[in-house]
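User: Please take a close look at one strand of this model and at the sheet around it. I would like a plain account that I can follow in the viewer.

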Amino acid sequence: MNVDVVIIGAGIAGSSIARWLSKYNISSVVLEKNNDIGLESTSTNHSLVCQGGDSLTFRPGTLHAEVNIKSIPLWPKLAEELNFPFKRIGGLWLIRDKADYLKYVKLRSRSFRSSSKPNSPYYIPEGSFKPLEFVDRKTLLDLEPYVNQEVLGALSDPNLAIVDSYKVAKSMAENAASNGIEFIFNQEIKKIERSGINYTIKTNDDEIRASYIINAAGINADRIAEMVGARDFSYVPLKGTLTDFDEDAGKIINHEVHYLPRMEDLPNLKTAVPTVNGLFRDGIYLEMSYRNNKEIKKEAVNHNIKAAKELFPNFPFEKHIEKTFTGFMAMTNPETGWHDFIIDIPNFIPNWVNIVLGPAGVTAAPMLGEKVGDLLRMSGLKLETNPRFDPTSKRGVGK
Ligand SMILES: Cc1cc2nc3c(=O)[nH]c(=O)nc-3n(C[C@H](O)[C@H](O)[C@H](O)COP(=O)(O)OP(=O)(O)OC[C@H]3O[C@@H](n4cnc5c(N)ncnc54)[C@H](O)[C@@H]3O)c2cc1C
């Protein structure tokens, strides 16, 4: 098979880029090692549409900031076009003492920050975001009656929303497929050969030739890039364990609720969120681990129960566990904590784009196509509009 563009990986990154490419008259195929869309990090996360680590690892001027700030306002239209659930629930970040308050003052000052110049890459159109506001204890308890009664108040982010990121990726892929992009499953990339700007991709049972490659293999993006000497980046794979509690637990939470991590908590986080299906999702127990190690540790489940109880003390979470699962995120710059996305053409390897998202990567999905499109155009790919593109149509893909 010969195509213009091969996308490696059908997670939320590969699926959203495929949808964007389907707006143009090109031949493209998505190769995925699993038998469905989004079975790796895309389905093992909090499914928050948020500005990124809730500002904790989010620094104005980074690609992470730019892409997420531009993506967030695009989500409601995307949800409408593709008919997936999108709920604007808001976030409440709890204040236990003066130290928390002072940190939140700092975080608020850099939230949704942008340039006021329309041509700036960080420009946020007027009205895209509501400001973050401090709420007092009484207001907090009205909004979240079962939360820890000892907290002093919260910083509220009314912009924060939840989705089901698996469903998002699936609907993007189904739309891309109906507009002409092919998805092939059970195709693990084993080898890639480059001859100038021609690539031959060898999978477990096929061979595909392409002029452009988009490496959206998630936590394996480094291994794929290494196949052609296109790895000019590094990251640490972080394993995160999350627990879903049942619908009874889901009834006691309305917003995303979290504590700022303190030294004794790190690297674990205490974040709880309702899911679009009415469950209570909580974690994260974070650890360094081999990237294929999906083992669920007892300590991780215990951390998640403890975190849930610290946020909502009067609920017997241990009796309401639905399931616990693990996911991996690629953390660039772990030594400073200032994670950033990689969406870039590597040094010396033409017609190739590496995508590494990591924390808050789901949120970035609506803008990824535009960013990758700019790089493909720069690399000489002619993108002529597909007059038959339909933003709402779907064709089944995956299992
Ligand atoms: C615990 C946790 C919580 C998170 N919470 C949030 C959140 O609330 N909000 C948010 O915005 N982000 C969150 N994230 C981050 C988000 O999940 C990721 O950024 C996002 O899912 C990455 O998507 P992706 O498509 O790049 O990777 P993936 O979803 O991992 O997709 C990569 C695809 O490539 C395929 N692949 C890999 N190797 C090969 C190969 N050799 N051959 C063929 N196919 C291959 C995989 O099978 C996979 O389908 C969280 C992450 C974790 C781990």
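Which residue in β16 stands opposite lysine 239? Please describe the surroundings of that pair as well.

Analyst: Lysine 239 stands opposite phenylalanine 328 in β16. The model is predicted, with local features requiring pLDDT of at least 70 and side-chain atom pairs pLDDT 80 or more, while totals for chains, interfaces and linings use all residues. Residues are numbered from 1 along each chain as its sequence is written, and side-chain values use heavy atoms, leaving out hydrogens and water. Helices (H or I, at least four residues) and strands (E, at least two) are DSSP runs numbered from the N terminus.

Lysine 239 is one of the residues on one side of β12, a strand that covers residues 236-245. Of its 10 residues, 10 are buried (under 20% relative accessible area with a 1.4 Å probe, protein chains only; exposed is over 50%, partly exposed in between). β12 is therefore largely enclosed by the rest of the structure. Cover is found on both faces: Val236, Leu238, Gly240, Leu242 and Asp244 are buried on one side, and Pro237, Lys239, Thr241, Thr243 and Phe245 on the other.

β12 has neighbours in the sheet. It runs antiparallel to β16 and is joined to it by 10 bridges; two strands count as paired if DSSP finds at least two bridges between them. With β15, β12 pairs in the antiparallel sense over eight bridges. Aspartate 244 has arginine 281 of β15 as its bridge partner.

The wider sheet is open and has eight strands, in the order β5-β6-β4-β13-β14-β15-β12-β16, with mixed pairing. β5 and β16 (321-331) stand at the edges with a single partner strand each, so one side of each has no neighbour in the sheet. From one strand to the next the twist averages 25° (axes are lines fitted to C-alpha atoms, for helices over the stretch in contact, and angles run from 0 to 180 degrees between N-to-C directions). Further along, β13 and β14 pair in the antiparallel sense over two bridges, and valine 257 has alanine 272 in β14 as its bridge partner.

Next to β12 in that order is β15 (280-288), and this strand has an unusual peptide bond. Most peptide bonds are trans. The bond between glycine 283 and isoleucine 284 is cis, with omega about 10°, and isoleucine 284 is found in β15. A second cis bond runs from leucine 266 to proline 267, with omega near 5°. Leucine 266 is in the loop between β13 (256-259) and β14 (271-274), and proline 267 lies in that loop too. Leucine 266 is partly exposed, at 44% relative accessible area. Its C-alpha is 8.5 Å from that of leucine 286, although 20 residues separate the two in sequence.

Two helices lie across strands of this sheet. Helix α9 (residues 298-311) lies across β12 as well as β4, β13, β14, β15 and β16, and runs at about 135° to β15. Contact here means heavy atoms within 4.5 Å. Helix α4 lies across β4, β5, β6 and β13, and runs at about 145° to β4.

α4 covers residues 98-110, 13 in number, and reaches 19 Å from its first C-alpha to its last, close to the 18 Å expected at 1.5 Å a residue (that is, 1.5 Å times one less than the number of residues). Its buried residues are Asp100, Tyr104, Leu107 and Arg110. They lie on the same side of α4, because they cover an arc of only 120° around the axis, taken from the directions from the axis to the C-beta atoms. An α-helix has 3.6 residues a turn, so residues three or four places apart point the same way. These buried residues pack against β4 (91-95), β5 (133-136), β6 (153-157) and β13. The face turned away from the buried side carries the exposed residues Lys98 and Lys106.

Returning to the starting pair, lysine 239 is buried in β12 and faces phenylalanine 328 in β16, a strand at an edge of the sheet.
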